[in-house]
Amino acid sequence: MEIELKEIRDFLASIPPFDRLPMPLVEKLTHETSIRYIRRGLPLPPVDVTQDRLYLIRKGALSLQSTQGKLLGKLSEGDICTVFCMSGNHDKFIVDVEEDTLVYTIPCEILYEIVHDHPTVADFIRKTASQRLKDAVNTMMNEAALTSPLMHTSTQELMHSPVVSVAAGSSIYDAARSMADNGISSLMITDNDKPVGIVTNSDILQRCVAARLSTDSPIDDIMTKKMLSVTSDSSAYDTLMIMTRKHIHHLPVIDDGRLSGIITVTDLIRQEGRNSAYLTSAIRKADSIGALIEYSATIPQLQLQLVKMGGTSEHVGKGITAVATAITCRLIELAEAELGPAPLPYAWVAAGSQARREQTSHSDQDNGLIISNELSDKERPWFEALARYVCDGLDACGYVYCPGHIMATNPKWRQTESVWRNYFNTWINQPEPEALMHSSIFFDLRTIHGDKSLLERIRKEMLQQTRKSTLFLAHLTTNAMKLRPPLGFFRDFVLIHDGEHNDTLDLKHNGIAPIVDLARIYALTEGISEVNTAKRLKQAAGSASLSKEGSANLLDALIFIGTLRTQHQAKQITNGLDIDNFMSPVEISRLEREHLKDAFKVIQTMQATLERRR
Amino acid sequence: MLHHLFGYEAKRKRSLRKAPDGALKEFLSVPFPAVQERVDNIPILAVDFETTGLSPVKDQILSIGYIGIENNEIRLASACHKVIQTRGKLAEENVVIHQITDDAKFQGESLQDAVEDLLQALAGKVMLVHYARIEKSFLEKACLQLYGMTPVFPIIDTLMIAKRRLDKRSVAYDPSELRLFTLRDRYALPRYNAHNALSDALATAELFFAEVAKMSGRSSPALKSVLL
């Protein structure tokens, strides 16, 4: 390549996925590049180009439409157009060249040849939005692991020791008996104290029960003999990597041929949550609202720490919510100490993000009280005082009063079990779109304190009804469709679905909320009692309303957008700013933009699927 | 004008008979594109020279850059840049403008080698330049020096295309509006920072695309309407 073409080379090198290629390969690509000028109104690919080609927009603007004329996205300077890399696509898209456009173009065949040793580059171009998103999430997880405190913890600190074991030659029955008695899911087999094999629950299930092998057979017949193992001084991180890579959940720890312990994936994962665990236990011991206010002031720092430790949005949500829940519980305990014991059984319930365990540092409060049906006017003042005490306390701790008055201080949401049942009956059986929009938050409820059975009974009845109520589900769907993800980005704007532009991307309403809404609908359709979005998606996977693939794709989108949000907020915390959900496209890297577009696409696809079903 | 254009092919054939064996003869033996062809169908070579000054008599070619346009696209693979060995020390201003130092110059090739490569690349093509006077006069002088004759080169000049366009308007314009990089800005083409023969040739090729897009109706103009 002539060095004079350096500017073109540098341009190519700045565009994902070529930004991950070594310079000599980018130079090869530059050599194979051609420049075209497409006049406004003329087609892309140009009529004389029949081969599959990649196009990079150097200057100008074009919009991508479906054959029905629906806007799919817009491309401008620095955007990459991969749709014409597949010959099957040529008549599936219409490109409207909106401004005279200068494009760099490379024949795909040559491109694939050049990047042959860099499969992720070819994958980026060839894969679908959801496949690409999955890769991005995997990379994000791997990077997260690198900053994990597990790097600095030895396996010895987390392993179980002494190890439960049976001697080689014991029967499968004896081994299973020992596992059941000790409440463990894996068992070591030793010969004269030397470890010779391992069996797990699933080995017994698959190699014995499912294979109709007698439980009198020796355990040696079904144990795994070629065991991987680690030494007790290896880092917990390396141990986790071995287990992740080999898809194993139990690993013996062996030093000099002697069995020192056993370690499970759960032991390793639990370790990561230690910091919020420390704060919650301190909160549980706080003796005044003043102390709680002090602890709550550290929540942004906790969020920052969780992000720094490599936590995804799921970790952060769980950690932050655990603290909110601890504060709520402690406030209730302090209230009870002041007001005297509760006159009747009740449940303090959280609604919305706290219920779903998806809070970020300072979400506002959404809560209510479900009180035993025996409630009479005599006990009402006690519950009112409790509500006042706790809600005021939460507000003082930074969980500001809910602007929609969804709080236990509102008499409407401080009611007996039967009144709550009636609420749900009305919402489900006489649904009105407007009313339903405001009440959807109540379909995500969790007991924070008190008698769990109150809410569980209501939920059980509610789920029996939602499954059958097509009108209710239809209204819920209609409401959910009001929040649509954007199409992508156009220059430094967010491209909204109707072709309009926005200056900022609202990660919550344009990304996370639509997924939360979808997951709620799947759960209510399938009678799933879980409220956490990720768990709802996992449990609904493979059901009539949600395919396994759709579930996996939405989980990827959730974790990608959610983690982008927690990272954005971590930056704000570091800079001493109040946190929000708004990102300017200028702050979003080219690669993140590509992945966000993929995530939006996944959400759009699932919304469209749901709409078609109604 | 038509008469003049027929003259190109006729003059090529005439020169071919007189040309000495070698690069010039080979260049002249390939017919030029027909003048009634559409410009998006003809092979073009965008060319730029960096010189020590404006006079082909006193000054010398410092470097030659060229890049081909075929099937309506600029092929980067065809790009070529050559630094010429010149006599004497370079003036400081040339070093600054063209970023060619004496060191680079000594590693360069002879004018003959460079011109022969250019003639080979140019065979059967139309030469595309911005402000033809420089490239035309320096190339003619080099041929005269090397082969004892000046052949014919069909040339498209992006400056002339722009000038014709501006002349059509009744408003006066500043001559600086005709500069390559001013025109590129006008057509919203990307800014290239480098200033040397190859990147200027590339800049000219892109500008030509933009000019053709502006001037043409449904199909691109005929070669004769843009030839110098």
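In the predicted model, two salt bridges are found across the interface of chain B and chain A. In one of them, Arg53(A) is paired with Glu73(B), and the closest N and O atoms lie 3.0 Å apart. Polar contacts were also identified across the interface of the two chains, where ten residue pairs, both members at pLDDT 80 or more, meet the rule. On chain B, the side that touches chain A draws at least two residues from each of β3 (73-83) and α9 (197-215). By residue class, this side of chain B consists of 16 nonpolar, eight polar and six charged residues.

The extent of the interface was examined next. The contact involves 22 residues of chain A and 30 residues of chain B. About 2100 Å² is buried between chain B and chain A, and carbon and sulfur atoms account for 53% of this area. Of the area that chain B buries against chain A, 26% comes from Glu73(B), Leu76(B) and Pro190(B), more than from any other three residues. Glu73(B) is thus named both in this set of three and in the salt bridge with Arg53(A).

The two chains are also linked through their strands. Strand β1 of chain A, which covers residues 34-38, is joined to β3(B) by two bridges, and the two strands run antiparallel. Within this pairing, Ser34(A) is positioned opposite Arg75(B), a residue of β3(B). The strand β3 (73-83) of chain B therefore appears in two descriptions of the interface, as a supplier of at least two residues to the side that touches chain A and as the partner of β1 of chain A.

Definitions and conventions:
Residues are numbered from 1 along each chain as its sequence is written. Chains are lettered from A and ligands numbered from 1 in the order in which they are written. This is a predicted model: local features need pLDDT of at least 70, side-chain atom pairs count only at pLDDT 80 or more; totals for chains, interfaces and linings use all residues. Side-chain values use heavy atoms; hydrogens and water are left out. Contact means heavy atoms within 4.5 Å. Buried area is the accessible area (1.4 Å probe) that two parts lose on being put together, summed over both. A salt bridge is a side-chain nitrogen of Lys or Arg within 4 Å of a carboxyl oxygen of Asp or Glu. A polar contact is a pair of N or O atoms within 3.5 Å; within protein, one must be able to donate a hydrogen and the other to accept it, and residues adjacent in sequence count only if both atoms are side-chain atoms. Helices (H or I, at least four residues) and strands (E, at least two) are DSSP runs, numbered from the N terminus. Ala, Val, Leu, Ile, Met, Phe, Trp, Tyr, Cys and Pro count as nonpolar, Asp, Glu, Lys and Arg as charged, and the others, Gly among them, as polar. Two strands pair if DSSP finds at least two bridges between them.
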